Amino acid sequence: MRRTLFAGAAALLAAAGTFTFVLTRAEAATQTLQSLAAANGRYFGSATDNPELTDTAYTAILGGGEFGQTTPGNSMKWDTTEPTRNAFSFTKGDAVVTFAQAHNMKVRGHTLLWHNQLPGWVSQLPATEVQAAMENHITAVATHFRGKVFAWDVVNEPFNDDGTFRSTSPFYAAMGTDYIAAAFRTARAADPDAKLYINDYNTDGLGAKADAMYNLVKTLKSQGVPIDGVGFQAHLAIQYGFPSQMQQNLQRFADLGVDVAITELDVRMVLPRDSTKDATQATYYSNVVKACVAVTRCVGITIWDYTDKYSWVPSTFSGQGAALPWDENLQQKPTAYNAIVTALGGTVSSPSPSVSSASPSPSRSVSPSPSASSSPPPAGSCTATYKIVGSWPGGFQGEVNVTGKTGWTVTWTFANGQTISQLWGGTVTQSGASVTVKPASWNATPPATFGFLASWNGTNAIPAVSCS
Ligand code: G3I
């Protein structure tokens, strides 16, 4: 009956010349971020939290088909699940699981072990009791949610921003780095079917912290520790630039034999919003999604809640926000939303904003400077292009792009006393003013990029760079 009515209406509309429009609307109704991600073999999800599950306008969108996955923002953390030693509470986590199951969403468990949101009793434990408490916690929580979560962030945020281990973690303080392997082994024993992840922020692009994570995962794999994936939180900010070489970074982790996932994506800005900031934000969303789609082992993308109404950003970064694809009135932002749709291979009903590649820029950008340019190298040789992507009093971030042969060596001589303090994507030797950079093993085949931080004073001339 319905089908007949529809066919009749379609014929009438076709006669009136509006048939194409009706089909487009019907298509739009079934195209969601999740359906597009699924067509790419991935999931698209949103974090959520218990307080907002009482907001029916909010849950209508959360469970309305846009998202095929959710992560509880707080309700599976230690302070919620075991506020008192050995007294567990799963009510809040269960509520998120129940919502997800009712709306065809799978659940990432977050998180078994984190230095934050710990109840006071954990921090007060004598060192000799930490391992037992940790293993007891992981076992109880992972056992309770077994079969209900497809993945766990087992260890969350083990590193400081410079790539050193976070020594303020009570687990690190008591056990050193051994706590990480022990946590994974305990989680595997409690839930053999869940994918076990390590998860961190500011590891999204190449850099010292990503290198530290890379080396840790490589070591854990070589020791037979049951780690299945690496989560890249991707809490980005347009004023700090897009992470350097995100796709290549995800790929090098995947090449270690682990899955990768974008676990907490949001793109904040200094308020107020304007169309220029929205457009930049859209390029960031687009670039992250494209990076994930380009890496076969990138299994999915989760935004850290879908609406500015419930974003963590404004309460943490004063004067910043507007980080999500839906605004605080639960309205889609066409710029960000359409950029995600397009990056997932979908079509948008109105022209989408032009989305170009955001170039990496430094976290303390002042003004990009010109780079030395060159034409393609002849076969068997290579060319390097040096540029300053940002500078601030006393310091700057440089980047060198290499084309040509595999197994390159780049050299230059600084003219103004610049000194490199940190380099990623390669190994550096600086002797006086002379700099030699050789590629990291995963970065030997061009096009390759490495970046560095260095000091400068007075003048910061672009050196002549050689590649051999
Ligand atoms: O539960 C208390 C409530 O009793 C109290 O009245 C209220 C007053 O401030 O605070 C409530 O706790 C808040 C908690 O969220 C639950 O809503 C905390 O203050 C607040 O700091 C906490 O923020 C969470 C944050 O982690 C804590 O670091 C955010 O919601 C959560 O989205 C955020 O998520 C983290 C990831 O787990 C790890 N990666 C970074 C990400 C963003 O910080």
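**Exercise 1. Determine how the span of helix H8 relates to its expected value, and where its buried residues lie.**

Step 1. Helix H8 (a DSSP run of H or I, at least four residues, numbered from the N terminus) covers residues 127-144. Its 18 residues reach 27 Å from first to last C-alpha, close to the expected 26 Å (1.5 Å times one less than the number of residues).

The model is predicted: local features need pLDDT of at least 70, side-chain atom pairs count only at pLDDT 80 or more, and totals for chains, interfaces and linings use all residues. Residues are numbered from 1 along each chain as its sequence is written, and side-chain values use heavy atoms, leaving out hydrogens and water.

Step 2. Buried residues (under 20% relative accessible area; exposed is over 50%, partly exposed in between; 1.4 Å probe, protein chains only) in H8 are Val-130, Ala-133, Met-134, His-137, Ile-138, Val-141 and Ala-142. They lie on the same side of H8 because their arc around the axis (from the directions to the C-beta atoms) is only 140°.

Step 3. The face turned away from this buried side carries exposed Thr-128 and Ala-132.

**Exercise 2. Identify which parts of the chain the salt bridge of Lys-309 and Asp-55 ties together.**

Step 1. In this salt bridge (side-chain nitrogen of Lys or Arg within 4 Å of a carboxyl oxygen of Asp or Glu), the closest N and O atoms are 2.7 Å apart.

Step 2. Lys-309 lies in the loop between strand E9 and helix H14, and Asp-55 in the loop between strand E1 and helix H4, so the pair ties together parts 254 residues apart in sequence (strands are DSSP E runs of at least two residues).

Step 3. Lys-309 is partly exposed at 38% relative accessibility, whereas Asp-55 is buried at 12%.
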